[in-house]
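Walk through the structure shown here, from one end of a helix to the packing and pairing elsewhere in the chain.

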Amino acid sequence: MLTMARYRDVILLALAGLLILALVGSVYGRAVPHHRCRGGERGVGRLQNVTLTNATLSAMAQTGGGGELSLDGCQIDHFGPALFALLQRTDCLTLRGGHIPSVSFHSHTLDTLVIDATGLRTFDVAGGPGAAPYEKLRILHITRTRLERLPARLSLLVGLKRLDLSQNQLTHIELDVLGAMRRLRDLDLSVNQIARLDASPELQLAGLRNLWVSYNRLRSFGAFPGAFPALDTVRLIGNRWHCGWVDRARADIMRHGITAFGADYDCPGERQGGLCCYDDVPGEVVAIEQTTTAGGAGADDLTLRASNRSTIEVRYGDVELFL
């Protein structure tokens, strides 16, 4: 009997351990967007330090470019539709390093496109009036480039679930260009030079769960959080927030149950709720006060007044949650 009881205890402990691991994995996946190529079962092809032509890319695609293809340190002035057409068997394409200053996307077969540190200045999506949207591409990852603006035809990428535009030189984004991306879950705009994130009052990114806008030049963000009704996590640190906007954002974060990661330190101005914020600049106060939250502003709105400088901070390990 003692042996059976001990055996039963061991089984219960093992099941409890598996349950804890599953919960930890679920929380980690919720908070940290990730980018992973599919197609490993079909092989990985790699081409390094060559000048790209139709001939070199076609040969690579036929001999070893099925599944995942990585072009490292390669050079071509424009990676356009003709080259994408050679990659019908490729699921994941990575352009890393080298010199590829211009890309015009055109593929109805790619699942993942990664463009990293290629000197990219111009990114566009091929298509004209009445063009068919691109439903297959799930992940677009453009990082460490010289990209300054997003094309209007980015709206054709309706199948995107993850859009990573971090570490570029973006200065102004019209969020409405993302409005047709009903499946978009993760959006990373961090480490750019963004001073404005504009959106129409009707914009709803209903599926967005994770939003990173840290380390930019933002003073306010009128679409937050009303345009993102399903938002779980946000990163706001490293900006030049208006103190009045921080007050309102803190109330909205508490009301909507959003988790804000990170905290600013050594602020030259004030520090509220884990964010550096700065005194009013003439002309900005009215704009901030006119910004409304989801559902409109009313007498029962939870917006905090500028005189309320209370801070609620919760630490979990090395993470400081901004409330």
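In this predicted model, Arg250 has a relative accessibility of 1% and counts as buried. What does the side chain of Arg250 meet in a salt bridge? The partner is Asp247, with 3.4 Å from N to O. Asp247 is buried as well, its relative accessible area being 0%. Both residues belong to helix α4, where they lie three residues apart, about one turn of the helix.

Helix α4 holds another salt bridge with this spacing. The side chains of Arg255 and Asp252 meet at 2.7 Å, N to O, and these two residues of helix α4 are likewise three residues apart, about one turn of the helix. Here the two ends differ in exposure: Asp252 is buried at a relative accessible area of 0%, whereas Arg255, at 33%, is partly exposed. Because buried means under 20% relative accessible area and exposed means over 50%, the 33% of Arg255 places this residue in between.

Helix α4, residues 243-256, also supplies residues to the largest nonpolar core. That core has 73 residues, among which Phe79, Phe123, Phe221 and Phe228 touch the most other members. Its largest share, five residues, comes from helix α4. The surroundings of Phe79 can be followed one by one: leaving aside residues up to four places away in sequence, Phe79 touches residues including Leu52, Leu57, Leu71, Phe84 and Leu87. Leu93 and Leu95 are also among its contacts, and both fall within the range of strand β3, residues 90-96.

Strand β3 is largely enclosed by the rest of the structure, because six of its seven residues are buried. On one pairing, strand β2 (residues 67-72) runs parallel to β3 over six bridges; within it, Ser70 has Thr94 of β3 as bridge partner. On another, five bridges join β3 to strand β5 (residues 112-116), again in the parallel sense.

In the pairing with β5, Arg96 stands opposite Asp116. The two also form a salt bridge, with the closest N and O atoms 3.2 Å apart. This pair links distant parts of the chain, since Arg96 is in strand β3 and Asp116 in strand β5, 20 residues apart. Is each end buried or partly exposed? Asp116 counts as buried at 7% relative accessibility, while Arg96 is partly exposed at 37%. The link extends further: Arg96, Asp116 and Arg144 are joined in a network of salt bridges. In the model as a whole, the count of salt bridges comes to 12.

Definitions and conventions. Residues numbered from 1 in each chain as written. Predicted model: local features only at pLDDT ≥ 70, side-chain atom pairs only at ≥ 80, totals over all residues. Heavy atoms only, no water. Core = buried A, V, L, I, M, F, W, Y, C linked by side-chain atoms within 4.5 Å. Buried < 20%, exposed > 50% of the residue type's maximum accessible area, 1.4 Å probe, protein only. Helix = DSSP H or I, 4+ residues; strand = E, 2+ residues; numbered from the N terminus. Contact = heavy atoms within 4.5 Å. Pairing = 2+ DSSP bridges. Salt bridge = Lys/Arg side-chain N within 4 Å of Asp/Glu carboxyl O.
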